[in-house]
Amino acid sequence: MSKKYKMHVISGTHWDREWRHTPEQSKPRLVELVDGMIKTLDTAPDYKTFCLDGGSVVLEDYLSVKPENRDKLTELIKAGRVSLANWYTLPEMFTVAAESIIRNIKLGQDMAAEFGGTMSSGYTATGYGQTSQLPQIYQGFDITNAIFYRGTNKYLLDPLFLWEGADGSKLHMLRTHDEVTRTNWYFYVHQPLAVGKSPIDPLYHYNREELPIHMCDSQLYTRAFKLTKEFYDFKNDEESLKTALNTILEQAKPYMVGSHILALNMEDNDVPYAQLPEMIDALNKVSPDVEIVQSSMDEYMDAITSEKKESELRLHHGELRYPAVEFGFNCLLAAMHSSRMKLKILNEESETCLLHQAEPIASFSTLLGDEYPRAFLDRAWKRLLLNHAHDSICGAAVDQAHRDMLYNFSTAKLVSEEVTARSIEKIYKKLNLADDFKDGDHTITLFNTLPFGRKLVTELVIDLPEKGGTGNAIDPCIGLGEGKYEIEYFDIVDSDGNELDYEILSTEEIKIHVETDLDTAGITLPTVRRRILLDTEIPAMGYKTVALRPRGPKFMPHPAELGHDRALIARDSGVLENENLKVKINSNGTFSLLHKPTGHLMENMHYFTDTGETGSAHMSKQPQRNTTQTSLGAVANITMLESNQLRGAYRIDLNLTVPAAATLDEKDRLREVKTIPVTTWLTLEKGSKMLKMKTRLTNEARDHKLKVNFPSYVKSDYSWAESAFAVDKRPIQWTESGDNFEGFFPYQPMQNFVDISDDKLGLAVLNKGLREYEISDDTDRTIAITLLRTQRAYMTANSVMTPEEFDQHTGQHSIGTLECHYALCPHTNDWCKGGVLQAAYDHKVAVNAIQGVPHSEGSLPSSSSLLTILPADKLMVSAMKQADDGSGIIVRLWNISDENLDATVKTSAEIKSVEMLKLNETCLGELALENGTVKFDCGPHKIVTLLLKTK
């Protein structure tokens with residue numbers, strides 16, 4: 001007779017390649033795990049399947065040591081006895097760029113396909129909240145359901161529900177257990193029966209018969225205890241079996257869907273228990289109404305979705321960031337966006353170089369006939385994605401693991417810079433500059449990879465040959481005499497000969513290396529280096545060429561009056577002002593900011609607050625007797641650095657005095673103090689709608705959190721923050737959470753901006769790599785950006801540290817110098833109509849430029865937009881790269897608005913056809929192409945991938 005319920009036991013491991021260990025330290029442990037898995041599956045045919053979680057990088061790591069086992073792994077994966085997740089690494093999705101999520105899944109699926117493929121389910125073993133567009137992302141990779149736990153809780157969401165993305169994409173969503181997330185079988189059955197402990201006992205009970213060993217020299221003593229003899233039999237008596245069965249049923253039945261009970265055996269770095277089939281058989285003999293079977297994620301999802309009609313399921317819309325209510329493993333862990341901030345900043349630099357410079361400019365070059373530098377860019381992506389594993393990018397691993405990450409970031413960035421420069425050099429040779437410029441000109445070609453035109457003041461560094469010989473300077477009194485340099489005076493002109501505004505910031509004599517095939521590699525060129533500010537416009541996704549044109553002196557024997565006030569951006573009264581903004585700096589280093597179009601005045605901007613912090617990488621915690629220091633009483637040294645008609649800049653120096661650390665018991669902050677020198681540069685450019693800031697600080701204190709604050713005076717109860725292919729709306733008002741285990745989190749994650757507006761006016765804070773914000777629930781609605789948060793807990797074998805370990809492990813305290821870049825962007829209307837997203841990318845993506853001489857080597861015009869995307873104010877490009885099959889160039893864009901758009905993409909390059917693709921780059925259909933133009937409907941918040949076929 002069939003039983004009433006079915007319990008699905010899903011076994012596997014959640015493999016953390018760097019957490020308590022570095023990747024290289026983890027490899028021997030991984031080899032032991034996978035070797036043991038292969039042996040178990042070979043010798044125990046009843047052991048049905050094992051989930052090797054952690055992403056395809058786990059296979060890569062294992063085979064780097066045991067390449068001879070590739071065929072065996074392939075055999076097991078193809079047979080369904082080993083299942084793989086749909087990722088390369090398991091990222092934290094609020095911290096990394098949206099496109100990085102796409103590349104991570106794509107690489108993971110592609111690598112797994114060589115072995116037999118991944119599971120169908122979108123299982124992510126962790127992730128600190130779930131981003132709102134994941135349903136659309138998963139569907140783009142033929143993943144129709146999602147399985148996770150963080151960001152959900154049992155009081156708000158059923159175990160099975162429908163999850164709808166911003167574009168209307170829907171997924172079946174399984175939320176696992178609040179108490180033990182992915183380990184209820186492990187803790188409620190395996191631990192009592194196989195280990196002989198009570199459920200959820202985190203302690204090891206010293207047992208001499210297991211021959212415990214521990215390194216005890218001063219070099220290796222931090223390694224864990226290790227058991228050299230373990231006993232693998234399980235308690236097989238009826239009483240023990242019934243107790244274990246009743247315990248897990250009591251826990252799991254509330255999560256039951258239909259007649260199916262979920263039993264997860266997916267503990268961190270766990271090895272397969274070879275006697276699991278025997279244990280299940282024994283439990284079945286004492287189970288009156290529950291059939292216990294070994295199962296897989298896919299089988300469980302198929303079973304519960306076939307029993308439940310969609311009409312019976314609740315529908316959830318948007319991101320999932322609910323905190324935990326009761327104590328358990330299912331915490332949101334919302335503080336990791338501010339741990340080890342340097343990693344977040346380096347990640348943003350690397351992503352920006354790769355996504356918004358190297359790939360699109362290489363794509364421009366490829367559309368014009370050059371070879372795409374695929375191998376180099378693939379290598380950069382591999383290095384970057386290794387750093388995106390959740391414990392890595394979250395700053396939760398041991399110090400050495402994070403030190404090793406620096407090499408990956410450096411590789412990704414330097415490869416990207418090299419690809420960018422080489423691609424630009426190739427494009428330069430394809431231009432015809434002789435028609436628009438003169439023989440004596442020095443051309444400057446500027447590149448814009450963003451999908452909208454940019455009008456900006458950009459800083460250029462122009463190196464031109466010295467005259468070399470006379471050395472005579474201009475007479476300062478009469479303006480006569482032979483010049484010192486070959487080029488003494490010049491204009492900067494566009495292709496029509498119109499003069500552009502520029503300012504010379506500095507002039508120095510240098511020698512620069514020359515690369516040549518024919519001469520020695522050691523030759524140098526004596527040059528004059530001029531740092532120049534140039535006011536210009538660059539078309540969308542294209543380039544513009546101007547020229548530095550030498551000329552003789554322009555004398556004014558009868559100087560004329562300007563006829564208007566001299567419009568210097570900076571004034572030595574502590575003021576920066578342009579057409580849109582006026583800044584008045586106060587003696588304590590704060591400033592007032594006036595938004596001229598609306599008359600909105602914001603006072604006391606840019607003050608610092610520092611408070612105690614004794615939490616971990618994941619959780620924020622304050623000392624019991626905490627204090628908060630502010631910079632409001634500081635005395636600042638204020639220096640005007642630059643003042644001209646194109647740019648003004650001030651430097652503000654001040655010192656923050658903060659407690660040196662918390663006490664060892666974490667209840668107080670020390671009476672001893674440390675001084676944190678803080679320097680901020682304020683920069684305002686002609687015509688700009690944003691005030692740029694760079695803050696450099698040197699931290700020697702521990703156990704603290706430093707924020708910079710901007711009172712917005714905007715009456716709104718909501719913030720808007722960029723996340724993956726979305727701008728999420730979140731409440732500001734404090735939420736009463738009673739005695740919940742995790743209370744209200746005022747701090748939230750963001751990508752490149754956070755905004756507060758009342759639909760008439762607003763204030764956005766733009767950033768480069770700063771991933772945490774907080775908006776005060778008070779009348780000022782102060783926006784706080786976290787610059788630094790140190791942490792107490794450390795993931796060594798001894799996670800409760802002695803004073804010696806506190807001195808030994810300092811990485812989590814971010815000791816040293818940190819440089820942060822951010823900007824203020826007041827605006828009219830809301831974030832979308834106010835152009836905030838475009839401003840954020842204008843802030844983060846630099847303009848590239850190349851100098852040369854007029855030539856007719858190529859046939860391309862001196863200025864051009866290679867790709868035009870309309871409407872430019874509502875479509876944002878997330879990527880431009882070569883398709884993985886090499887058939888053309890992919891352009892991925894997303895509709896940032898709630899509107900259904902008539903979208904147009906036009907290219908000046910020669911292409912044969914255009915296809916619309918899924919995110920996994922399979923074809924959805926061909927689009928009509930006419931004169932290089934395609935048109936298509938683009939629904940609200942839709943992600944669209946186009947393939948411009950060149951073959």
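Let me start with what covers the buried residues of helix α2, where buried means under 20% relative accessible area, exposed over 50% and partly exposed in between, with a 1.4 Å probe and protein chains only: the cover includes α1 (23-43), β2 (50-52), α3 (70-78), β3 (82-84) and α11 (374-386). The helix itself spans residues 57-65, and its buried residues are Val-57, Val-58, Leu-59, Asp-61, Tyr-62 and Leu-63. When I name helices (H or I, at least four residues) and strands (E, at least two), I mean DSSP runs, numbered from the N terminus.

Before going further, I should say that this is a predicted model, in which local features need pLDDT of at least 70 and side-chain atom pairs count only at pLDDT 80 or more, while totals for chains, interfaces and linings use all residues. Residues are numbered from 1 along each chain as its sequence is written, and side-chain values use heavy atoms, with hydrogens and water left out. The pLDDT, which is the predictor's confidence in each residue, from 0 to 100, has a mean of 94 over the protein chain, and 97% of the residues reach 70 or more. Over residues 468-481, however, the pLDDT is below 50, and this stretch has 17 contacts in the model beyond near neighbours in sequence, a contact being heavy atoms within 4.5 Å.

Back to α2, and to one of its covering elements. The axes of α2 and α3 come within 10 Å and cross at roughly 150 degrees; axes here are lines fitted to C-alpha atoms, for helices over the stretch in contact, and angles run from 0 to 180 degrees between N-to-C directions. That crossing makes α2 roughly antiparallel to α3, given that angles under 35 degrees count as roughly parallel, over 145 as roughly antiparallel, 65 to 115 as roughly perpendicular and the rest as oblique. From α2 the contact is made by Leu-59, Tyr-62 and Leu-63, and from α3 by Arg-70, Leu-73 and Ile-77. By class, this contact has 5 nonpolar, no polar and 1 charged residues, where Ala, Val, Leu, Ile, Met, Phe, Trp, Tyr, Cys and Pro count as nonpolar, Asp, Glu, Lys and Arg as charged, and the others, Gly among them, as polar.

A second helix pair is α6 (residues 184-195) with α8 (residues 276-285), whose axes come within 12 Å and cross at roughly 95 degrees. That makes α6 roughly perpendicular to α8. Here Trp-185, Val-189, Leu-193 and Ala-194 of α6 meet Leu-276, Met-279, Ile-280 and Leu-283 of α8, and the contact has 8 nonpolar, no polar and no charged residues. Helix α8 is mostly covered, with 7 of its 10 residues buried, namely Leu-276, Pro-277, Met-279, Ile-280, Ala-282, Leu-283 and Asn-284. These buried residues pack against β1 (5-13), α6, α7 (238-252) and β11 (290-295).

Let me turn to the strands, where two strands pair if DSSP finds at least two bridges between them. One open sheet has 3 strands in the order β14-β17-β16, with antiparallel pairing. At its edges stand β14 (454-465) and β16 (502-513), each with a single partner strand, so one side of each is left without a neighbour in the sheet. From one strand to the next, the twist averages 25 degrees. Strand β17 (residues 524-538) is joined to β14 by 12 bridges, in which Leu-460 has Ile-532 as its partner and Glu-459 has Leu-533. On the other pairing, β16 and β17 are antiparallel over 11 bridges, and the partner of His-513 in β17 is Thr-524.

Another open sheet of 3 strands has the order β41-β44-β47, again with antiparallel pairing, and its edge strands, β41 (867-870) and β47 (933-938), each pair on one side only. Neighbouring strands of this sheet are turned by 15 degrees against each other on average, direction ignored. Between β41 and β44 (residues 901-907) there are 4 bridges, and Ile-869 has Val-905 as its bridge partner in β44.

I will finish with a hairpin, in which β45 (residues 913-917) and β46 (residues 923-927) run antiparallel and are joined by 4 bridges. Leu-917 has Cys-923 as its bridge partner in β46, and with 5 residues between the strands, Glu-921 takes a positive phi near 70 degrees.
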